[in-house]
Amino acid sequence: MALIACPDCSKQVSDAAPACPNCGKPIAPVQIEQTRKSFKLVMVIGILIALVGFFLGPVAKGAVPTALLLFGSLLFVGSIIAAWWNHG
Ligand SMILES: [Zn+2]
């Protein structure tokens, strides 16, 4: 999170704010929303892959379910870290 100058009134505004608190000028809300959605999508895909690996585990023995579980968990954790990194 950083302070930027509002393009309309030049007051200091947080770049995480959806709009300038002084004049109401939107501060790139669309870009922030798209970023969050893409992280959520990766999170959901990670959970799904991990779940498939989890339920395949007892049925199909071998390295594939473990690999799916690991890969899904990594995707999930990675998306959380990426979201934190981009918005922290
Ligand atoms: Zn402003």
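In what order do the elements of the protein run from the N terminus on? The order is β-β-α-α, which gives the protein two helices and two strands. Here helices (H or I, at least four residues) and strands (E, at least two) are DSSP runs, numbered from the N terminus.

Residues are numbered from 1 along each chain as its sequence is written. The model is predicted: local features need pLDDT of at least 70, side-chain atom pairs count only at pLDDT 80 or more, and totals for chains, interfaces and linings use all residues.

**Whole chain.** Begin by colouring the protein by pLDDT, the predictor's confidence in each residue, from 0 to 100. The average for the protein is 83, and 89% of the residues score at least 70. Among the elements, strand β2 (residues 12-14) has the highest mean, 91, and α1 has the lowest, 78. Where pLDDT is low, the predicted coordinates should not be read in detail.

**Ser-10.** Next, select Ser-10, in the loop between β1 (3-5) and β2. Its phi is near 65°, a positive value in a residue other than glycine. Most residues other than glycine have a negative phi. Ser-10 is exposed because 11 other C-beta atoms lie within 10 Å. A residue is buried if 20 or more other C-beta atoms lie within 10 Å of its own, exposed if 12 or fewer, and partly exposed in between, with C-beta atoms placed from the backbone.

**Helix α1.** Proceed to Val-42, in helix α1 (residues 29-59). With 17 other C-beta atoms within 10 Å, Val-42 is partly exposed. Leaving aside neighbours within four places in sequence, Val-42 is in contact with Leu-75 and Ser-79; contact requires that the C-beta atoms of two residues, placed from the backbone, lie within 7 Å. Add Gly-78 to the selection: its C-alpha atom is separated by 8.8 Å from that of Val-42, although the two residues are 36 apart along the chain.

**Helix α2.** Now select residues 63-87, the 25 residues of helix α2. At 1.5 Å a residue this helix should span 36 Å, and its end C-alpha atoms are 36 Å apart, which agrees; the expected span is 1.5 Å times one less than the number of residues. Which residues of α2 are buried? They are Leu-68, Gly-72 and Ser-79.

Also in helix α2 is Leu-74, which is partly exposed, with 13 other C-beta atoms within 10 Å. Measure from C-alpha to C-alpha between Leu-74 and Gly-46: they are 7.4 Å apart in space and 28 residues apart in sequence.

**Final view.** Return to the whole protein, where buried residues make up 9% of the 88 residues.
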